[in-house]
Amino acid sequence: PQELRKFVFLGSGSVKGLMTFDPEIRKRVKFFQNNLAETPYKTPLDGYDLVFCRNVLIYFERKVQEAIVHGIVNKVLNSGILIFGHSDSFPSNRDIVSIGRSSYKKEVKTKAESISQRRKRILIVDDSTTIRKVISKILTADFLIDESDSAVAADIALDNNKYDLITLDLNMPGENGHSWLTRHRKAGLKTPVVIVSDSSPSEAEKVFGALEAGAQDYIVKSRLQSEPEKIVELLKSLTETRDTYLLQGHTFRPFVNKRHSPRILLLGASTGGPEALVKVLQGFPKPCPPIVVVQHISPEFSRAFASRLAQLSGLNFSEIEEGQVLQPNSLYTATGDYHLILKEKQEKLFLLKSNEPKVNGHRPSVDVLFNSAAKLPVDSLSILLTGMGKDGAEGLFNLAETNRSFTLVQDEKSSVVFGMPKKALELGAACFVGDLSAIRAEMINKINGGK
């Protein structure tokens with residue numbers, strides 16, 4: 001139809017005779033290969049409203065046909081439609097009913113069943129009955145909950161069920177949480193794991209060790225009561241189905257500052273950030289400009305985080321003091337509940353602390369740092385890494401608009417949560433997009449004068 005032709009582009013020259021669609025259409029389409037005889041199916045989405053499988057079953061033996069239909073039905077949402085070929089000899093399946101013309105509907109048996117199938121399942125592993133009850137109370141409206149009071153019980157639960165997320169206590173009798181997590185990650189467990197921890201400084205080392213072992217994030221026990229909504233939001237973000245964000249159709253900003261010479265590196269991160277920052281900065285080559293990091297982290301853990309990052313990066317670290325001139329080969333980050341604001345005076349850079357209200361729900365906020373830098377006539381590298389929400393995206397855009405900051409954004413595949421990087425991409429704030437190794441390489445290239 002004529003009104004739809006604006007979405008279709010016909011090729012010319014070397015691609016004459018070919019056609020393509022508007023990027024907004026292309027990014028909604030995903031191609032992947034699969035073996036219908038293998039279960040469980042691995043597909044880009046966990047559930048589909050409509051599945052076509054026409055004249056395929058006829059090529060398989062009856063036993064394989066039954067397995068294929070069972071696998072397809074498991075991928076169809078309640079009330080979803082399956083359409084098979086008229087020639088297919090269709091094996092029976094109790095979860096679907098015929099609606100005529102080789103078409104079937106997945107029946108919703110009860111309202112409770114429907115809700116159950118849509119909700120994600122979480123395993124709470126903690127030897128404290130009180131903590132398990134508190135977590136369960138917070139999550140029960142949004143998730144299906146199973147509980148285990150030990151590593152042994154958690155092993156049994158994993159054998160019997162598939163979970164979308166696991167909360168894990170590190171201090172349990174018998175096998176501790178760190179050992180349990182390490183063992184299961186080595187065995188191939190892919191399920192996101194969130195550590196539930198006390199807020200003591202000594203506990204911070206255990207938490208960071210668990211993050212190195214493959215945990216995605218952590219929750220401080222004292223915040224279970226004070227910030228339940230934020231905890232639910234975090235766990236939902238970690239269990240969301242990935243809708244692969246195709247970079248085609250998204251124009252990266254051209255960077256035309258030929259005299260660019262970064263005087264400072266600015267990094268922002270949230271969920272998944274502690275380990276992402278380690279991978280980007282570990283053993284960072286010197287000489288390098290001063291590096292300022294904003295990581296959304298509990299104030300109780302901020303000092304331990306700063307110390308760990310400085311040690312692994314090999315950079316110098318000192319507490320932020322008013323009027324302190326930022327030095328090369330040095331790392332700066334908040335060690336408490338305050339924002340960081342970049343200032344310049346007599347061509348010297350320094351940081352101010354601010355107790356102004358939270359921005360985007362955070363203090364320190366990435367946007368506060370980035371926006372303060374955007375006001376200065378200073379060349380920089382600005383990097384936005386994995387994280388929930390949108391903090392830092394607007395600030396990164398404002399930095400990019402100055403044409404004095406080369407902006408880098410972490411890609412979806414390597415992000416624990418793609419919220420902040422995705423928002424930056426949607427705003428058109430990124431000059432460069434890549435995984436952590438690519439970002440590190442590009443940072444070093446730009447520091448060394450690369451184009």
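This briefing walks through two sheets, a few helices and some single residues.

The model is predicted, so to speak of local features takes a pLDDT of at least 70, side-chain atom pairs count only at pLDDT 80 or more, and totals for chains, interfaces and linings use all residues. Residues are numbered from 1 along each chain as its sequence is written, and side-chain values use heavy atoms, with hydrogens and water left out. Helices (H or I, at least four residues) and strands (E, at least two) are DSSP runs, numbered from the N terminus.

**The four-strand sheet**

- Here we have an open sheet of four strands in the order 3-4-6-5, with mixed pairing; two strands pair if DSSP finds at least two bridges between them.
- Strand 3 (48–53) and strand 5 sit at the edges with a single partner strand each, so one side of each has no neighbour in the sheet.
- From one strand to the next, the twist averages 25°, where axes are lines fitted to C-alpha atoms, for helices over the stretch in contact, and angles run from 0 to 180 degrees between N-to-C directions.
- Strands 3 and 4 run parallel and are joined by five bridges, with valine 51 opposite leucine 82 in strand 4.
- Strand 4 (residues 76–84) runs antiparallel to strand 6 (residues 103–106), and three bridges join them; isoleucine 81 stands opposite lysine 105 in strand 6.
- Strand 5 (residues 96–100) is also antiparallel to strand 6, through four bridges, and serine 98 has tyrosine 104 in strand 6 as its bridge partner.
- The hairpin of strand 5 and strand 6 has two residues between the strands, and arginine 101 takes a positive phi near 55° there.
- Helix 2 (residues 62–74) lies across strands 3, 4, 5 and 6, running at about 140° to strand 4; contact means heavy atoms within 4.5 Å.

**The five-strand sheet**

- This one is an open sheet too, with its five strands in the order 8-7-9-10-11 and parallel pairing.
- Its edges are strand 8 (143–148) and strand 11, each with a single partner strand, so one side of each is left without a neighbour in the sheet.
- Ignoring direction, neighbouring strands of this sheet are turned by 25° against each other on average.
- Four bridges connect strand 10 to strand 11, which run parallel, and valine 194 stands opposite aspartate 217 in strand 11.
- Helix 4 (residues 129–139) packs on the sheet, touching strand 7 (120–125), strand 8, strand 9 (165–169) and strand 10, and its direction makes about 170° with that of strand 8.
- Helix 7 lies across strand 10 and strand 11, at about 175° to strand 10.

**Helix 7 up close**

- With twelve residues, helix 7 (residues 201–212) reaches 17 Å from its first C-alpha to its last, close to the 16 Å expected at 1.5 Å a residue; that expected span is 1.5 Å times one less than the number of residues.
- Its buried residues are Glu203, Ala204, Val207, Phe208, Gly209, Ala210 and Leu211, where buried means under 20% relative accessible area, exposed over 50%, and partly exposed in between (1.4 Å probe, protein chains only).
- The cover over the buried residues of helix 7 includes helix 6 (177–186), strand 10 (193–197), strand 11 (217–220), helix 10 (273–281) and helix 11 (299–313).
- Just past helix 7, glycine 214 takes a positive phi of about 125°.

**Helix 12**

- Eight of the nine residues of helix 12 (residues 366–374) are buried, so the rest of the structure largely encloses this helix.
- Among those buried are Val366, Asp367, Leu369 and Phe370.
- At the start of helix 12, a side-chain oxygen of serine 365 comes to within 3.2 Å of the backbone nitrogen of aspartate 367.

**Single residues**

- Glutamate 442 lies in helix 15 (residues 436–447) and is buried, with a relative accessible area of 15%.
- Setting aside neighbours within four places in sequence, glutamate 442 is in contact with Phe406, Leu408 and Phe432.
- Valine 8 is in strand 1 (residues 8–10) and is partly exposed, at a relative accessible area of 28%.
- Again leaving out neighbours within four places in sequence, valine 8 is in contact with Met19, Thr20 and Phe21.

**Cysteines**

- The count comes to zero disulfides, taking a disulfide as a pair of cysteine sulfur atoms within 2.5 Å.
- Cysteine 53 is buried, with a relative accessible area of 6%, and cysteine 288 is buried at 4%.

Terms used. Polar contact = N/O pair within 3.5 Å; in protein donor to acceptor, adjacent residues only side chain to side chain.
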